[in-house]
Amino acid sequence: MQRVEDFLLEYFRARTEMNRSLGVLYRPLAARFLAPNYASFDPEKSAAESEAEAILSVQASDATAEVITRGWLGADHRVRYSLSSVADVWQISAIEIECGVCHGSGKQKDQESDCCICKGKGWTLIGKKKGT
């Protein structure tokens, strides 16, 4: 089976190429409909952040893995990938970003109450899981 690190690096490369392709599609739309001083999407920044994502840690077993990264979605936030092995192929089952309010602690400033954004988890799911 492919190493977790190699699987994610392949994913990062594919996502970066997708962001570059989106930029090609976006430019004519922006030129036609958006004011010159307004940018709703920065394809170059998106591709650069995708390319800059780096793996910080990997915890893996035969069937699951958890990977923490930094660099994508801004250098100030970590991203956590949950992976599952299906027929000896890794698949991403969840992507979460470190909570921007509590910075992953799960606590409010008083260090006693759960964070009002992440509800004490320290992470916020990007997207949603189907069927739940």
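## Exercises on a predicted model

Let's start with one residue: leaving out residues up to four places away in sequence, Val67 touches Val4, Leu8, Ile55, Ser57, Val58, Val79, Arg80, Tyr81 and Leu83. Keep in mind that the model you're looking at is predicted.

**Exercise 1.** Work out which elements supply the largest nonpolar core, and which one gives the largest share.

*Solution.*
- Step 1: List the members. The core has twelve residues: Val4, Phe7, Leu8, Phe12, Ala65, Val67, Trp72, Val79, Tyr81, Leu83, Trp90 and Ile95.
- Step 2: Match them to elements. At least two residues each come from helix H1 (4-33), strand E2 (64-71), E3 and E4.
- Step 3: Look for the biggest supplier. That's H1, with four residues.
- Step 4: Put it in a wider setting. Nonpolar side chains tend to be buried together in soluble globular proteins.

**Exercise 2.** Describe the fold from the N terminus on, then sort out how the strands are arranged.

*Solution.*
- Step 1: Take stock of the elements. You should find two helices and five strands, running α-α-β-β-β-β-β from the N terminus on.
- Step 2: Order the strands. They make an open sheet, E1-E2-E3-E4-E5, with antiparallel pairing.
- Step 3: Find the edges. Strand E1 (54-60) and E5 each have a single partner strand, so one side of each has no neighbour in the sheet.
- Step 4: Check the twist, which averages 30° from one strand to the next.
- Step 5: Zoom in on one pair. E1 and E2 are joined in the antiparallel sense over six bridges, and Ile55 sits opposite Thr69 in E2.

**Exercise 3.** Decide how H1 and H2 are oriented: roughly parallel or roughly antiparallel?

*Solution.*
- Step 1: Get the geometry. H1 packs against helix H2 (residues 43-52) at an angle of about 175°, and their axes are 8 Å apart.
- Step 2: Compare with the cut-off. Angles over 145 degrees count as roughly antiparallel, and the two helices are therefore roughly antiparallel to each other.
- Step 3: See who meets whom. Phe12, Arg15, Thr16, Asn19, Arg20, Gly23, Tyr26 and Arg27 in H1 meet Pro43, Glu44, Ser46, Ala47, Ser50 and Glu51 in H2.
- Step 4: Sort the residues of this contact by type. They split into four nonpolar, five polar and five charged.

**Exercise 4.** Find out what Ile92 contacts beyond its neighbours within four places in sequence.

*Solution.*
- Step 1: Locate the residue. Ile92 is part of strand E4.
- Step 2: Classify it. Its relative accessibility is 27%, so Ile92 counts as partly exposed.
- Step 3: List the contacts. With those neighbours left aside, Ile92 contacts Phe7, Leu8, Tyr11, Tyr81, Ser82 and Leu83.
- Step 4: Pick out one pair. Ile92 and Phe7 are 85 residues apart along the chain, yet their C-alpha atoms are separated by 9.7 Å.

**Exercise 5.** Place Ala87 and Gln111 in the chain, and say whether they are buried or exposed.

*Solution.*
- Step 1: Start with Ala87. This residue is in the loop between strand E3 (74-86) and strand E4 (89-98), and its phi is near 50°, a positive value in a residue other than glycine.
- Step 2: Check its surface. Ala87 has a relative accessible area of 72%, so it is exposed.
- Step 3: Move on to Gln111. You'll find it in the loop between E4 and strand E5 (123-125), with a positive phi near 60°.
- Step 4: Check this one too. Gln111 is at 53% relative accessibility, so it counts as exposed.

Technical notes
Residues numbered from 1 in each chain as written. Predicted model: local features only at pLDDT ≥ 70, side-chain atom pairs only at ≥ 80, totals over all residues. Heavy atoms only, no water. Buried < 20%, exposed > 50% of the residue type's maximum accessible area, 1.4 Å probe, protein only. Core = buried A, V, L, I, M, F, W, Y, C linked by side-chain atoms within 4.5 Å. Contact = heavy atoms within 4.5 Å. Pairing = 2+ DSSP bridges. Axes fitted to C-alpha atoms, helices over the stretch in contact; angles between N-to-C directions. Parallel < 35°, antiparallel > 145°, perpendicular 65-115°, else oblique. Nonpolar A, V, L, I, M, F, W, Y, C, P; charged D, E, K, R; others polar.
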